[in-house]
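Here are some exercises to try with a protein model open beside you. Have a go at each task, then follow the solution step by step.

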Amino acid sequence: MAHEWEKLIERAADLVRRGQRVVVFTGAGVSTESGIPDFRSPGGIWSKYDPEEFTYQRFVSSAEARKKHWQMLRDTFLSYQAEPNAAHYAIAALDRMGKLDCVITQNIDGLHQRAGVPPEKVFELHGTMDWAYCLACRQRYPMDEVKGWLAAGVEVPECGTCGGTLKPAVVYFGESLPSAVLAEAKERSQNCDVFIVVGSSLVVYPAAYLPEEALWSGAKLIIVNLTRTHLDGRAEVVLQGKAGEVMTALVARLG
Ligand code: NAD
């Protein structure tokens with residue numbers, strides 16, 4: 001068994017060694033070992049909240065809905081004191097080895113940058129929780145400032161300049177992805193030779209089209225995930241396990 005696993009790690013390492021442009025695509029599973037739950041695993045965020053309640057349309061529809069949203073954010077993303085984990089550091093190590101073209105992430109937690117991946121190499125498809133912005137005048141506010149207002153008892157933060165609705169700078173269900181970021185991510189997926197998925201169920205579109213773009217363009221696919229995905233059958237190597245352990249083993253084999 002251990003021997004089989006070593007063989008899989010070596011196969012993945014060999015692909016990365018030979019690769020010229022390696023894209024790493026991450027989802028919520030890369031950050032669960034940092035203490036941020038994913039959406040769909042048992043105990044994940046959608047086991048406590050109804051995703052239907054947290055759409056863009058609901059958010060803009062009423063102050064009552066916005067109150068619920070901010071309450072959920074206070075209880076989840078805004079309360080995590082997360083640090084990068086071994087998987088984030090291993091991905092940053094790939095960059096120091098000169099292997100990393102970019103990280104395309106669905107995450108909104110900023111942990112790749114904090115682990116040392118240069119910000120210009122991180123494409124955040126679903127935005128970032130570091131900022132909020134006004135839907136009316138577009139003024140941006142650091143989320144730490146907004147958190148201060150929430151801690152002081154504000155339930156639905158509003159823009160200090162125009163009184164408009166403040167929304168986290170993340171992409172909600174029902175909202176479009178930032179087009180320039182998506183276009184660049186698509187181009188890099190089409191031009192890479194190795195595409196590594198780490199911790200994504202690959203069910204959230206359009207992000208989940210990117211590994212397919214990479215496959216259509218001839219890239220080799222490596223999947224690192226705790227559970228199976230619909231692309232496992234098309235992957236060169238599937239490493240079913242914890243992102244931190246698997247990515248550390250992969251980078252150690254390269255080193
Ligand atoms: P998902 O919740 O649909 O799936 C996460 C996947 O990661 C699952 O298949 C699970 O088996 C796997 N996983 C969990 N822990 C793992 C581990 N330690 N090692 C390896 N795999 C592990 O998440 P998704 O596909 O990323 O899509 C959901 C959406 O959720 C994304 O759009 C993202 O924006 C958002 N989200 C982000 C965060 C974050 O920023 N950290 C957290 C929750 C959700």
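**Exercise 1.** Find what the buried residues of helix H1 pack against.

*Solution.* Step 1: locate H1, which covers residues 2–18. Helices (H or I, at least four residues) and strands (E, at least two) are DSSP runs, numbered from the N terminus. Step 2: pick out the buried residues, which are Ile 9, Ala 12, Ala 13, Leu 15 and Val 16. Buried means under 20% relative accessible area, exposed over 50%, and partly exposed in between (1.4 Å probe, protein chains only). Step 3: see how they are arranged. Down the axis of H1 the buried residues fall within an arc of 160°, so they line one face of the helix; the arc is that of the directions from the helix axis to the C-beta atoms. Step 4: list the partners. These residues pack against strands E1 (22–26), E7 (194–198), E8 (220–225) and E9 (237–240), and against helices H4 (86–96) and H9, where contact means heavy atoms within 4.5 Å. Step 5: turn to the face directed away from the buried side, where you meet the exposed residues His 3 and Arg 18.

A note on the model: it is predicted, so local features need pLDDT of at least 70 and side-chain atom pairs count only at pLDDT 80 or more, while totals for chains, interfaces and linings use all residues. Residues are numbered from 1 along each chain as its sequence is written, and side-chain values use heavy atoms, with hydrogens and water left out.

**Exercise 2.** Check the span of H1 against its number of residues.

*Solution.* Step 1: the expected span is 1.5 Å times one less than the number of residues. Step 2: for the 17 residues of H1 this gives 24 Å. Step 3: the end C-alpha atoms of H1 are 24 Å apart, which agrees.

**Exercise 3.** Is strand E8 largely enclosed or left open, and which way does it run beside E7?

*Solution.* Step 1: five of the six residues of E8 are buried, so the rest of the structure largely encloses this strand. Step 2: E7 and E8 run parallel and are joined by five bridges; two strands pair if DSSP finds at least two bridges between them. Step 3: for one position, look at Val 194, which stands opposite Lys 220 in E8.

**Exercise 4.** Work out the order of the three-stranded open sheet and what lies across it.

*Solution.* Step 1: the order is E5-E4-E6, with antiparallel pairing. Step 2: E5 (140–142) and E6 (166–170) are at the edges with a single partner strand each, so one side of each has no neighbour in the sheet. Step 3: neighbouring strands here are turned by 40° against each other on average, direction ignored. Step 4: E4 (residues 127–134) pairs with E5 over three bridges, and Trp 131 stands opposite Pro 142 in E5. Step 5: helix H6 (residues 143–151) lies across E4, E5 and E6, at about 75° to E5. Axes are lines fitted to C-alpha atoms, for helices over the stretch in contact, and angles run from 0 to 180 degrees between N-to-C directions.

**Exercise 5.** Is Asp 144 buried or exposed?

*Solution.* Step 1: Asp 144 is found in H6. Step 2: its relative accessible area is 60%, so Asp 144 is exposed. Step 3: the C-alpha atoms of Asp 144 and Trp 131 are separated by 8.1 Å, with their positions 13 residues apart along the chain.
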